[in-house]
Amino acid sequence: MFWTIPTLMTWARIAAIPLIVGVFYLPIEPAHRNQIATVMFVVFAATDWLDGFLARRLNQVSAFGAFLDPVADKFLVCACVLVLVHLGRADVFVGLIIIGREIAISALREWMAQIGASRSVAVHMIGKLKTTAQMVAIPFLLYDGLLFGLIDTHLWGVWLIWLAAIMTVWSMVYYLQKALPEIRAKVK
């Protein structure tokens with residue numbers, strides 16, 4: 001199942017990372033770089049929904065795809081957050097919170113799977129809301145201008161990325177609370 005259509009779309013999200021980062025090194029107007037990076041992020045981020053839909057529709061769901069999909073999402077988000085911190089569009093503390101949480105929860109999920117308690121850290125609505133806030137904030141901050149001459153994407157992006165950071169901490173606390181009874185039971 002390494003080369004199914006859904007898995008190729010997931011690989012495309014990983015391959016998109018150096019392309020999105022590389023856009024900011026092109027010798028073109030900053031506004032054009034912002035537009036290109038924003039469109040690329042939106043297109044590749046949309047493949048997250050599409051690859052899952054196609055995997056179910058084409059009956060190509062696989063353990064490898066289930067592993068690779070969240071890894072690709074985390075790589076894409078973390079890379080873009082680092083770009084935004086580098087460009088001064090996101091605070092370094094936001095980057096530390098978002099990236100640190102992704103590492104911590106990934107490690108927690110791996111550990112919980114090893115002790116046979118992965119259900120206690122299954123994806124919850126707060127995690128989905130956090131992801132939604134990130135996926136709106138990131139393209140707004142990549143764009144960094146007036147959208148349709150009306151929407152100050154920098155202002156909205158800053159508010160949304162901080163909201164995402166708060167929800168990131170909230171979701172991490174939620175997952176840790178869910179895992180703690182299982183951890184205590186296995187560590188005795």
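Start with α5 in this predicted model. This helix gives the most to the lining of the second largest pocket, with 4 residues.

**Stop 1: the second largest pocket**

Select A45, D48, W49, K128, T131, T132 and M135; these residues line the second largest pocket. Its volume is about 170 Å³. Now colour by element. Both α2 and α5 supply at least two residues of this lining. Then colour by class. The lining of the second largest pocket holds 3 nonpolar, 2 polar and 2 charged residues.

**Stop 2: the centre of the largest pocket**

Clear the selection and move on. The largest pocket has a volume of about 1300 Å³. It is lined by 45 residues. Which of them are the closest to its centre? Select A66, D69, P70, V71 and D73 to see them.

**Stop 3: the helices around the largest pocket**

Next, show the elements that give two or more residues to the lining of the largest pocket. Select them in turn:

- α1, residues 5-23
- α2, residues 30-57
- α3, residues 63-86
- α4, residues 92-114
- α5, residues 125-143

Which element gives the most to this lining? Pick α3: it contributes 11 residues to the largest pocket.

**Stop 4: the lining by class**

Keep the largest pocket in view and colour its lining by class. You will find 20 nonpolar residues, 12 polar ones and 13 charged ones.

**Last look**

Bring back α2 and α5. Each supplies at least two residues to the lining of the second largest pocket, and each also gives two or more to the lining of the largest pocket.

Terms used. Residues numbered from 1 in each chain as written. Predicted model: local features only at pLDDT ≥ 70, side-chain atom pairs only at ≥ 80, totals over all residues. Heavy atoms only, no water. 1 Å grid on protein atoms, 1.4 Å probe; cavity = no way out; pocket = protein on both sides within 12 Å on 5 of 7 lines; lining within 4 Å. Points joined across faces, edges and corners; volume = space filled by probe spheres on them. Nonpolar A, V, L, I, M, F, W, Y, C, P; charged D, E, K, R; others polar.
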